[in-house]
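Hello,

Here is the structure we spoke about handing over. Please open it alongside this message; my notes follow.

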Amino acid sequence: MKRTLYLTGVLTATMLLSLIVNVSNAQNSKKGNGSLPFSIAVSNKSAVSAAAPDTTYFGVLSVRPDINNRHTAANNLLVDYVRETQILARWNGTQNTYIDFWKTHLKKIVLNINNDTTPSAFPKGARLVTFENNLGSVLNVYGSSVELVVIENEELDRYDTADSQTKLYHFGSMQDYINELTVAVDSCKKKGVPVTNGGLTTPLVASLKHYYDTNGKPDSSLWLSQQMGGVSPDSTLWLRTDSLLNAYKTLQLSYVNLHWYEPLKSMNRMTGVLQVLCNYITQQTGKQVITNETGVKDTTPSFVTMLLQQWDSANVKYCLFFDGSGGFGAQSLTSATGVLLPTGVAFRDYIHGPSCGQTIIITPVGPLDICQGSSATLTASSGFSNYLWSNGATTRIISVNAQGNYSVTSNLGNCQAYSTTAVIVNLNALPPKPIITTNISPINVCPSKGVKLTSSPGITYLWNVGDSTTKSIMVYKAGSYTVTITDANGCANTSDPTVVTIQKCNAPTNLRVSGITSARATLSWDTVTCAIGYQYQYRIKGITAWTSVSVTGGSSASRTIYSLSPATIYQWRMLTACKITPDTITSNYANGPEFLTLSVLGAAKTLNADEHNAHAFDATVFPNPATNIASVSVSNISDELRIALTDLSGKVLWHSEKINDRNTNIPVANLARGTYIVMVKDKEHSKILKLVKE
């Protein structure tokens, strides 16, 4: 909103009279009519004007202690800008909960910086270094979150008075404040943050009167004295103000800040001095004027309207209005709980248009406390021709997923219908994504072991398996596991998956036989990871039934079997047991090498004479040593013959059964050089021969 009609030139007595008349008439003017239809230059040349903003940003300075009531007030006044304070002596280095509150509720912040609680001296020496460091720390945290930094020291207090108890705000020499402001401007410029001074006050009038007097403008000087109800004759006031204006001109301030309250003294009308002062400040400094503190000292709503008109006509970028029970006789715009008073209605109506007296009710559908990623539905009451929500939406029903203050208006031609109370949607952040920890590595877990999955803290837990709702669960199966936690706000977040893989139950390897005798043999194998036991089976070759034996313990690596038949070929196999309860998990069987038990030594019958004759059972192997083929020659076979070739451990390398020929070839070409055993056996006889492979 912009009102920029100017009258420039010398302020004559006739013009002063015209000004007073126009100011009086402006008391009843409405927003669309503009405020004072001119501004006043303070020299024979046109007033120096800084670049005027396209829009005046209105906000509120609330001094109520309860942040929620201040928030309600800002919402009901329909403003986006608020003033907040950071006292550097109380800065904890990390956060200001009030600033965080306004950020969370999407308000734009004009941040006042005070070095210390009041009254206090302007910092200098080591305290000025501390000031600079603390301000830099605040800017590191909040510099990107604030619209404007105000170095809020009331410059025109009684600086040079020895008694600090008479001070309202700060004390010290004027140069001390300028030094402080210089340091602050440099710090803000480094961070790219706009910065302004703390706020000139009414002693600026003394500087303006001195300007009139020294430039031969008696009519202007008289008008000023009359409008202000007199001007202090204390020369130190204008001297101090002039030194500040000179500093503001030199320093790289973004704006010059002016504090202003009306009506002044006991006057019951607006003075019109404000616009003249704004022109004067701009002329002296070359900078645009803003106010982070202005207000009225009367409960008359029209005074609020006229003061806003004056600021608006002065083309200020920021105008923050006082609200709350405070000093200076300033009056509130809202009640203690943030409900609009008549002055607040006047403030709202000036900014957004006059009220038609019709109320729009906002009805939420569902909760207003929502979680990130969800939305709230707001419905405006029916019966209006058009709607304009504070977020720019134009439908009667809106769905919002951002935290903020939502109000709605309806343009009914020459006036507005308002929602009387803004609806606050709180957006709660999701809890941190939960992290699943495990008691063991979840990769290649043995089947007999469970993995304990534990979630990071939450209020409630829900795992993606079954209906598990505890913080920790045990899992025994391969799969992808997640947990969803909720926090105290009912907001939920889900973990990344934890993948559990179960190791395969492998069969034993490197099966071997040793210690073969006529009645026993030792079976050996390499142990298997994840084994809790084994099972082996053995049988005489050619017999279907197996004899099964269980071996407890995964570290076992051998077993001896007994009561075997001599000179007999045995087959054997074994598997690994990895889990037996609640379900059984085993490997497939792995086959071991066949083996031949030895003949019974020393158990032969006493030889009869005829057993020495040519018809006795006998067997020979030739050639011996052999290279490619060895031949076994047998005499006097009683029934079908069986021949087996083994290594010295008893491992069967070749065998043949049901032989009727007296001569049988044994393939030895692929055998390694060494000594081997040849077992020749029929139903009644057996003979063990030694064969050497060259």
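**Sheet, helices, cavity**

Three strands form an open sheet in the order β24-β27-β28, and their pairing is antiparallel. Keep in mind that this is a predicted model. The edges of the sheet are β24 (460-463) and β28 (492-494), each of which pairs on one side only. From one strand to the next, the twist averages 20°. Strand β27 covers residues 483-486 and joins β28 through 3 bridges, in the antiparallel sense. To find your place there, look at Thr486: it stands opposite Ala492 in β28.

Next, the helices. Start with α8 (residues 235-250), which has contacts with α9 and with α6.

Take α9 (residues 273-285) first. The axes of α8 and α9 come within 8 Å and cross at roughly 60°. That angle makes α8 oblique to α9. On the α8 side, the contact is made by Asp242, Leu245, Tyr248 and Lys249. On the α9 side, Tyr280, Gln284 and Thr285 take part. By class, the residues of this contact are 3 nonpolar, 2 polar and 2 charged.

Now α6 (residues 204-214). The axes of α6 and α8 also come within 8 Å, but here the crossing is at roughly 90°. The two helices are therefore roughly perpendicular to each other. From α6, the contact uses Leu204, Ala206, Ser207 and His210. From α8, it uses Leu237, Trp238, Thr241, Asp242 and Leu245. This contact divides into 5 nonpolar, 3 polar and 1 charged. Note Asp242 and Leu245 of α8: they appear in the contact with α9 and again in the contact with α6.

Last, the cavities. How many of 30 Å³ or more does the structure hold? There are 4. I looked at the second largest, which has about 80 Å³ of space. Its lining consists of Ala567, Thr568, Ile569, Leu596, Arg642, Ile643, Ala644, Glu657, Met679 and Lys681. Which strand gives the most to that lining? It is β41, with 3 residues. Both β41 (641-646) and β44 (674-681) supply at least two residues each. By class, the lining has 6 nonpolar, 1 polar and 3 charged residues. Arg642, Glu657 and Lys681 are the charged ones.

When you go through the model, I would take the sheet, the helices and the cavity in that order.

Best wishes

Note on methods
Residues numbered from 1 in each chain as written. Predicted model: local features only at pLDDT ≥ 70, side-chain atom pairs only at ≥ 80, totals over all residues. Heavy atoms only, no water. 1 Å grid on protein atoms, 1.4 Å probe; cavity = no way out; pocket = protein on both sides within 12 Å on 5 of 7 lines; lining within 4 Å. Points joined across faces, edges and corners; volume = space filled by probe spheres on them. Helix = DSSP H or I, 4+ residues; strand = E, 2+ residues; numbered from the N terminus. Pairing = 2+ DSSP bridges. Axes fitted to C-alpha atoms, helices over the stretch in contact; angles between N-to-C directions. Parallel < 35°, antiparallel > 145°, perpendicular 65-115°, else oblique. Contact = heavy atoms within 4.5 Å.
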